[in-house]
Amino acid sequence: MWMAVFPNSLPGCLLTLMLLRLPTLDAAPFEVLGPLEPILALVGEDSELPCYLSPSVSAEHMELRWFRNTFSPAVLVYQDGQEQEGEQMPEYQGRVTLVTDNITAGHAALRIHGIRAFDEGVYGCSFKDDQAHREAFLQLRVAALGSDPHISVEVQDSGEIRLECTSVGWYPEPQVQWRTPAGEKFLSTSESRSPDQEGLFTVATSMIIRDTSLETVSCCIRNLLLGQQKEVGISTSAPSDAIWSSLMVAVLMGLTGVFVTWQLYRKYVKKKTKNETSPIEWKLARSHAVDVTLDPGTAHPHLILSEDSKSVRLEDSRQKLSENPDRFDSWPCVLGKKPFTSGRYYWEVEVGDRTDWLLGVCREDVMKKGFILMSPKNGFWVVELSEKGYWALAPLRVLLSLPEAPHQIGIFVDYESGAVSFYSVNDGSHIYSFTKVSFSGPLRPIFCLWSCDKKPLTICPVAVDGPAEVTVVPDAQTHQRLLPPMGEDSGSGVTNNQPF
């Protein structure tokens, strides 16, 4: 059975690089490309998952296949000029069609009718002819805005008022909050979010009112993915025999329309994830500075390392390198040479004005071949810059709000405490922290680049007195010139960088 795995994001020229991951493959006559950002679809609506060939050649006589989880049976198979129902997954029969309006130009799209919550996930599209077989991967995000909240009221024997707020039909799992018109928030006494047979969430939350001076309370339910909310309020200051008739429904749609762009989601999460920390914490982290160098044996064949193994950049040509089980062959990444097994470690990386990069730490034994899902579950604790902003690749990706673009990133690892923190060296401000991590086995710094750029990522010396340094000796004999995938690169003032 052929399994498909999807990374957290696919920015820059990464898709092209993935097609080159096996050194033994000859150059293909075409590449398959798809959208770099997730496609957002509403439950009940139709959605299209497009793929296209580069260069633009006709796909009319090719075998086209959209699949998920398994290569066969598939979501849809198109061969000999028609759809092949015999190889189709039962849950998609009668629900998908192939859009072939521009198939002679190499464009085709899978149209899913009546989107369901269970349609969310990663899809692969495959184009095959007599000479080559290539694939691209894309992600479908599904959302549903639930019903208007309903508040029921119960006066208890003690005189306290119990409010219960219910709503149905939300996806993904929404956020629920009780609050006053002034924005004061209350904790729920009970709360549940349970999916129905269609995967949509029913929400029920309750609270007890003991403060008789409280006049109005509202129940607000938010869909963070859409950036929309629904809110209903109730007056608690009316006489008790009239409370039930004083229900004031004020459904507030933060944003209207059938479709909300990904930009709105970004704007909301930026506010939600803002996290400020005193520069004192950063200064303490710097006292644990160590000397980090890059390990050429792990570097993707498109990455070029400097002679001192302190800098790395991405190139569009692939080097002929010997097979190495520790070498990344799809994601354009390289690891630090020295593993961390205990204690505290800090290092700084010059990213300059690059528009993409990925930095952090990972387990030494993470998967390095094929498609990699970078998340804490798979041993990666990383922060990324892409065209769409700064992201922490947590189990649910977190969009970060930074007041200014950092030119230098500080990374701090506290092995025993289970924490990985990121700082902007510009002003010592805190960017993001992974906490309460249970590390198992050695950790190593990771550096990835997502676009080909002459600007490198450079490990910088940290001008601070600290504990004994961990010296990582470059291996000149195994030095390689490698190609840069997606990543950020340092601009002017790059330190400790030897000529390439």
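## Rings, strands and cores in a predicted model

R397 lies over the face of W391, with 4.1 Å to the ring centre. R65 is placed over the face of F71 in the same manner of contact, here at 4.5 Å from the ring centre. Please keep in mind as you read that this is a predicted model.

**The chain as a whole**

The protein chain holds 3 helices and 33 strands. Of its 500 residues, 52% are buried. The accessible surface of the chain is about 22,500 Å², and carbon and sulfur atoms account for 50% of that area. If you look at contacts between residues at least 6 apart in sequence, 69% of them join residues at least 24 apart.

**Aromatic pairs**

A pair of aromatic rings is described by the distance of the centres and the angle of the planes. The count of aromatic pairs comes to 11, and two of them are set out here.

| Pair | Centre to centre | Angle between planes | Class |
|---|---|---|---|
| F340 and Y345 | 3.9 Å | 10° | stacked |
| Y415 and F439 | 5.3 Å | 40° | tilted |

Both F340 and Y345 are buried. What about Y415, buried or exposed? Y415 has 13% relative accessibility, so this residue counts as buried, the cut-off being under 20%. F439 is buried as well, with a relative accessible area of 11%.

Why does the pair of Y415 and F439 tie together separate parts of the sequence? Y415 sits in the loop between β28 (408–414) and β29 (419–424), while F439 sits in the loop between β30 (429–434) and β31 (443–450), so the pair links parts that are 24 residues apart in sequence. Elsewhere, ring pairs join F67, F71 and F137 into a cluster; F71 is also the ring that has R65 over its face.

**Strand β28 and its partners**

The loop that carries Y415 follows β28, a strand that deserves a visit of its own. In β28, 7 of the 7 residues are buried. In a regular strand the side chains alternate between the two faces of the sheet. For β28, one side has Q408, G410, F412 and D414 and the other has I409, I411 and V413, all of them buried, so that both faces are covered.

Strand β23 (residues 344–350) pairs with β28 in the antiparallel sense over 7 bridges, and Y346 has F412 as its bridge partner in β28. β28 is also joined to β29 by 6 bridges, again antiparallel, with A419 of β29 as the bridge partner of D414. Together β28 and β29 form a hairpin with 4 residues between them, and G418 in the turn has a positive phi of about 70°.

**An open sheet**

Another region worth viewing is an open sheet of 6 strands in the order β2-β10-β9-β4-β5-β6, with mixed pairing. Its edge strands are β2 (39–42) and β6 (82–83), each of which pairs on one side only. β2 runs parallel to β10 (residues 133–143), and 4 bridges join them; L140 in β10 is the bridge partner of I39.

**Nonpolar cores**

In soluble globular proteins, nonpolar side chains tend to be buried together. The largest nonpolar core here has 52 residues, of which L49, L64, W66, F127, L140 and L163 touch the most other members. Beyond its neighbours within four places in sequence, L163 is in contact with residues including I151, V153, W178, M207, I209, V217 and I234. A second, separate core has 41 residues, among them L294, L303, A394 and L457.

Conventions. Residues are numbered from 1 along each chain as its sequence is written. This is a predicted model: local features need pLDDT of at least 70, side-chain atom pairs count only at pLDDT 80 or more; totals for chains, interfaces and linings use all residues. Side-chain values use heavy atoms; hydrogens and water are left out. Helices (H or I, at least four residues) and strands (E, at least two) are DSSP runs, numbered from the N terminus. Buried means under 20% relative accessible area, exposed over 50%, partly exposed in between (1.4 Å probe, protein chains only). Contact means heavy atoms within 4.5 Å. Accessible areas come from the Shrake-Rupley method with a 1.4 Å probe; for residues, only the protein chains shown count as cover. Two strands pair if DSSP finds at least two bridges between them. Rings of Phe, Tyr and Trp (its six-membered ring) pair if their centres lie within 6.5 Å; planes under 30 degrees apart count as stacked, over 60 as edge-to-face and the rest as tilted. A charge sits over a ring if NZ of Lys or CZ of Arg is within 6 Å of the ring centre and within 35 degrees of the ring normal. A nonpolar core is a set of buried Ala, Val, Leu, Ile, Met, Phe, Trp, Tyr and Cys residues joined through side-chain atoms within 4.5 Å.
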